[in-house]
Amino acid sequence: FHAWCPPFAFLSALVISLITAHIVKLEKLSLNLARAKKNWEISFDAITDAVIISDQSGRIILSNQPADQGPRDFLERFLKRTQVSGDPKNQNNNSLAGPGTTPCEVYDERLNRHFELRSFSRQIKGKKNDGTVYVIRDMTESRKLKKEQKNLQAQLVQLQKMEALGTLAGGIAHDFNNILSAIIGYTQLAALYI
């Protein structure tokens, strides 16, 4: 079984099949990349805290959905205010851009809300700092609950004091009633014999 095929046709078919396989592989990679991006975006938006990513100049490049409900505007105003105030600690976003910085709590007058602000430096190999990741948690409800808890604890302490005072008064009245009963009893006996 000998068949002869011209080399040009064989090479053309081989090149076409290799190009087709490469295109199919690129389409699969593109589809996988699109799926991974969509999964990442869904996960990023599922975070309940506001997450905002800025570049080296402080320009916001990415934020999740909770950040668009107020914290993003708050952060922009906060960073402008700290840069204008001339506080070297807060200049250029670097005060809040250390690894594992302690959170700072800030009140925003416009939104009438308390925020806990935390930031982390974005480190990329070969570069010192490629921007900052800010995590902003709305602490307003938490502060209200803590205040309400303190009020309830104060009320509980007051009720315990009143209960103790009532028990003390009841005990004193009972003791006084015992003494008074004896006095009345002796007075009645004395009245019978007089």
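Two strands pair if DSSP finds at least two bridges between them. Helices (H or I, at least four residues) and strands (E, at least two) are DSSP runs, numbered from the N terminus. The model is predicted: local features need pLDDT of at least 70, side-chain atom pairs count only at pLDDT 80 or more, and totals for chains, interfaces and linings use all residues. Residues are numbered from 1 along each chain as its sequence is written, and side-chain values use heavy atoms, with hydrogens and water left out.

**Exercise 1. Take stock of the fold**

Task: State how many helices and strands the protein has, and give their order.

Solution.
- Step 1. Count the elements: three helices and five strands.
- Step 2. Read from the N terminus: α-β-β-α-β-β-β-α.
- Step 3. Check burial. Of the 194 residues, 22% count as buried. Buried means under 20% relative accessible area, exposed over 50%, and partly exposed in between (1.4 Å probe, protein chains only).
- Step 4. Check the surface. The protein exposes about 15000 Å², with carbon and sulfur atoms supplying 62% of it. These areas come from the Shrake-Rupley method with a 1.4 Å probe; for residues, only the protein chains shown count as cover.
- Step 5. Check contacts, meaning heavy atoms within 4.5 Å. Take those between residues at least 6 apart in sequence: 38% of them join residues at least 24 apart.

**Exercise 2. Trace the strand pairing**

Task: Find which strands are joined by bridges, and in which direction they run.

Solution.
- Step 1. Start at strand S3 (residues 104-108). Five bridges join S3 to S4, and the two run antiparallel. Glu105 faces Glu116 of S4 across this pair.
- Step 2. Move on to S5. S4 and S5 are antiparallel and share seven bridges. Here Leu117 is opposite Ile136 of S5.
- Step 3. Go from S5 to S1. Five bridges link these antiparallel strands. Ile52 has Tyr134 as its bridge partner in S5.
- Step 4. End at strand S2 (residues 60-63). S1 and S2 run antiparallel, with three bridges. Ile53 stands opposite Leu62 of S2, and the S2 bridge partner of Ile52 is Ser63.

**Exercise 3. Explain the setting of S1**

Task: Why is strand S1 described as largely enclosed by the rest of the structure?

Solution.
- Step 1. Locate S1 at residues 50-54.
- Step 2. Sort the side chains. Ala50, Ile52 and Ser54 point one way, while Val51 and Ile53 point the other way.
- Step 3. Look up burial on each side: all of these residues are buried.
- Step 4. Conclude. Five of the five residues are buried, so S1 is largely enclosed by the rest of the structure.

**Exercise 4. Inspect the hairpins**

Task: Which residues take a positive phi in the two hairpins?

Solution.
- Step 1. Take the hairpin of S1 and S2. Five residues lie between the strands, and Gly58 has a positive phi near 95°.
- Step 2. Take the hairpin of S3 and S4. Four residues lie between these strands, and Asn112 has a positive phi near 55°.
- Step 3. Note the residue type. Asn112 is not a glycine, yet its phi is positive.

**Exercise 5. Place two arginines**

Task: Are Arg122 and Arg118 buried, exposed or partly exposed?

Solution.
- Step 1. Arg122 sits in the loop between S4 and S5. Its relative accessible area is 24%, so Arg122 is partly exposed.
- Step 2. List its partners, leaving aside neighbours within four places in sequence. Among them are Ile53, Ser54, Ile61 and Asp130.
- Step 3. Compare sequence with space. Arg122 and Ser54 are 68 residues apart in sequence and 9.1 Å apart, C-alpha to C-alpha.
- Step 4. Arg118 belongs to strand S4. Its relative accessibility is 33%, so Arg118 also counts as partly exposed.
- Step 5. Arg118 and Cys104 are 14 residues apart in sequence; their C-alpha atoms lie 6.7 Å apart.

**Exercise 6. Describe the largest pocket**

Task: Which residues lie nearest the centre of the largest pocket, and how many line it?

Solution.
- Step 1. Fix the term. On a 1 Å grid over the protein atoms alone, a pocket is an open set of points where a 1.4 Å probe fits, with protein on both sides within 12 Å along at least five of seven lines; lining residues have an atom within 4 Å of a point.
- Step 2. Give the volume: about 200 Å³.
- Step 3. Count the lining: 13 residues, with Thr48, Pro66, Gln69, Pro71 and Asp138 nearest the centre.
- Step 4. Assign elements. Strands S4 (113-121) and S5 (132-138) each give two or more residues. S5 gives the most, with three.

How values were computed:
Points joined across faces, edges and corners; volume = space filled by probe spheres on them.
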